[in-house]
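Visitor: I have a structure open in front of me, and I would like to learn how to read it. Could you guide me through a few features?

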Amino acid sequence: MCLAVPGKIIEITGADIEKSAKIDFGGITKWVSLAVLPDAAVGDYVIVHAGVAISRIDEAEAKRAFEYFERISTEVNESGENEVSD
Amino acid sequence: MKAAKMKFLTEYRNNELVVKYLQAVIKTLRRPWTMMEICGGQTHSILKYGIDQMLPGEITLLHGPGCPVCVTPIELIDKAIALAEIPDVILCTFGDMMRVPGSGGNLLEAKAEGCDIRMVYSPLESIRVAENNLDRRVVFFGIGFETTAPTTALALIQAKKRRLANFSVLSAHVRVPPAIELILSSSENQVQAFLAAGHVCTVMGYREYIPIAEKYNVPIVVTGFEPVDIMQGIYMAIKQLERGAAAVENQYSRVVSKNGNETARKLIDEVFQVESRKWRGIGEIEGGGLAIKPEYAALDAAKIFDLPDENIEESSRCWSGKVLRGLIKPPECPSFTIDCFPEHPLGAPMVSAEGACAAYYNYANSRQGKTNA
């Protein structure tokens with residue numbers, strides 16, 4: 001039910017509750033509402049649920065998550081202890 | 001056919017990353033723990049990618065009431081069918097809802113019998129149906145958690161602004177935090193940590209989970225839906241459990257912020273008010289539902305139409321209530337694959353796309369060499 005799919009904004013039209021955006025979902029495009037993401041801009045990646053873009057994807061946070069993984073991964077490989085430290 | 005690469009999706013299905021997080025889980029784990037994922041989308045990912053099988057036996061994953069279709073009370077499904085049977089009504093709803101059994105049948109059967117029921121991808125599509133059928137009354141059967149509530153709210157606000165007199169909504173919207181509290185406050189509770197539903201928190205943020213984590217002393221990790229997300233969420237929860245911590249952490253930070261989407265929340269507040277709601281299989285949950293505010297009564301199908309109002313009990317052969325509360329897993333139900341199948345379900349979780357019983361039927365059942373036919 002809460003399935004939401006990431007896509008990239010390629011066009012924006014309208015304003016306020018009628019604001020909408022054309023989204024590229026890996027090659028398939030679809031118009032969705034942009035009413036709850038008033039600050040989103042062309043080029044932003046967003047998460048779309050039930051025809052409405054509900055969140056902008058934070059690319060810096062996405063990158064940080066992979067850095068977190070790199071840290072964990074290094075610790076797992078190096079650690080002889082039975083615990084992963086922070 | 002090779003799946004297309006999609007940014008922010010494909011990289012979170014990387015098997016190597018999943019295995020590395022699994023290794024981190026194994027290295028951190030010292031004692032047995034039980035945790036629950038809240039969203040049905042997560043349940044399906046866990047079963048589909050075999051995450052439950054990869055994990056050490058000390059970790060038990062219970063599947064929560066994270067399927068809004070599954071918890072929609074039978075009475076509301078009966079009301080939706082009664083609406084669809086009114087000659088000038090067009091009933092619009094999500095495809096997930098079509099095969100969920102009411103007391104006498106489902107929406108798909110009603111459609112086969114001639115009712116005008118249309119599956120829509122978005123509540124906003126039902127606005128277009130109303131605009132294109134001004135001589136008919138169009139009702140959107142709105143279901144979903146806080147993720148979906150703003151989309152229904154948006155449809156109601158657009159309809160009001162456009163003075164669309166032939167559109168209304170039957171609200172079956174529900175709220176997650178009261179259900180978590182209900183599970184945690186039960187004397188039968190086994191859950192020691194939660195993976196919170198990422199897309200619900202996209203809208204709501206995670207502030208409302210902080211007092212729950214503190215009150216019940218449980219770690220809550222806001223988690224995404226892809227296998228890397230889920231394994232990382234499990235790792236973060238295990239790390240907290242082993243340290244005796246009980247904080248709210250955010251694994252899904254690329255999409256979820258602490259405050260969520262304030263514009264979306266304003267739409268919810270504009271249109272809906274919190275009310276107690278019967279959850280199918282679980283019972284009345286205080287604050288568990290969202291009802292349409294009196295200011296929008298002219299667009300509230302529950303107010304406009306005279307609908308049946310009977311209290312209906314679930315079949316005793318269906319143990320979905322125990323599944324939804326995390327007390328048993330679907331295969332422990334005596335009816336599972338005996339007299340309950342997706343084609344002939346006793347309860348909603350066997351037929352909903354995100355139901356736990358359907359997940360076990362589709363994925364786990366075939367692992368055990370049983371047929372899915």
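**Reading contacts, burial and packing**

Guide: Happily! Keep in mind that this is a predicted model. Let's start with one residue: setting aside neighbours within four places in sequence, Trp319(B) is in contact with Ile328(B) and Cys333(B).

Visitor: Where is Trp319(B) found?

Guide: Trp319(B) sits in the loop between helix 14 (301–304) and helix 15 (320–324) of chain B.

Visitor: Is Trp319(B) buried or exposed?

Guide: Count the C-beta neighbours inside 10 Å: 20 or more make a residue buried. Trp319(B) has 24, so it counts as buried. In addition, Gly281(B) is 38 residues from Trp319(B) in sequence, yet their C-alpha atoms are 7.9 Å apart.

Visitor: How many residues of helix 5 of chain B are buried?

Guide: Eight of the 11 residues in helix 5 (residues 74–84) are buried, so the rest of the structure largely encloses this helix. Among them are Ile74(B), Leu76(B), Lys79(B) and Leu83(B). Their cover includes strand 3 (89–93), helix 6 (107–112) and helix 14 of chain B.

Visitor: And how do I read two helices that pack together?

Guide: Two packed helices are described by the angle between their axes and the distance between the axes. Here, helix 8 (residues 149–161) and helix 13 (residues 262–271) of chain B have axes that come within 8 Å and cross at roughly 60 degrees. The two helices are therefore oblique to each other, and the crossing is left-handed.

Visitor: Which residues make the contact?

Guide: They include Ala153(B) and Ile157(B) of helix 8, and Leu267(B) and Ile268(B) of helix 13. The residues of this contact divide into 10 nonpolar, no polar and one charged.

Terms used:
Residues numbered from 1 in each chain as written. Chains lettered and ligands numbered in written order. Predicted model: local features only at pLDDT ≥ 70, side-chain atom pairs only at ≥ 80, totals over all residues. Axes fitted to C-alpha atoms, helices over the stretch in contact; angles between N-to-C directions. Helix = DSSP H or I, 4+ residues; strand = E, 2+ residues; numbered from the N terminus. Parallel < 35°, antiparallel > 145°, perpendicular 65-115°, else oblique. Left-handed = near helix turned anticlockwise from the far one by under 90°. Contact = placed C-beta atoms within 7 Å. Nonpolar A, V, L, I, M, F, W, Y, C, P; charged D, E, K, R; others polar. Buried ≥ 20, exposed ≤ 12 C-beta atoms within 10 Å, placed from the backbone.
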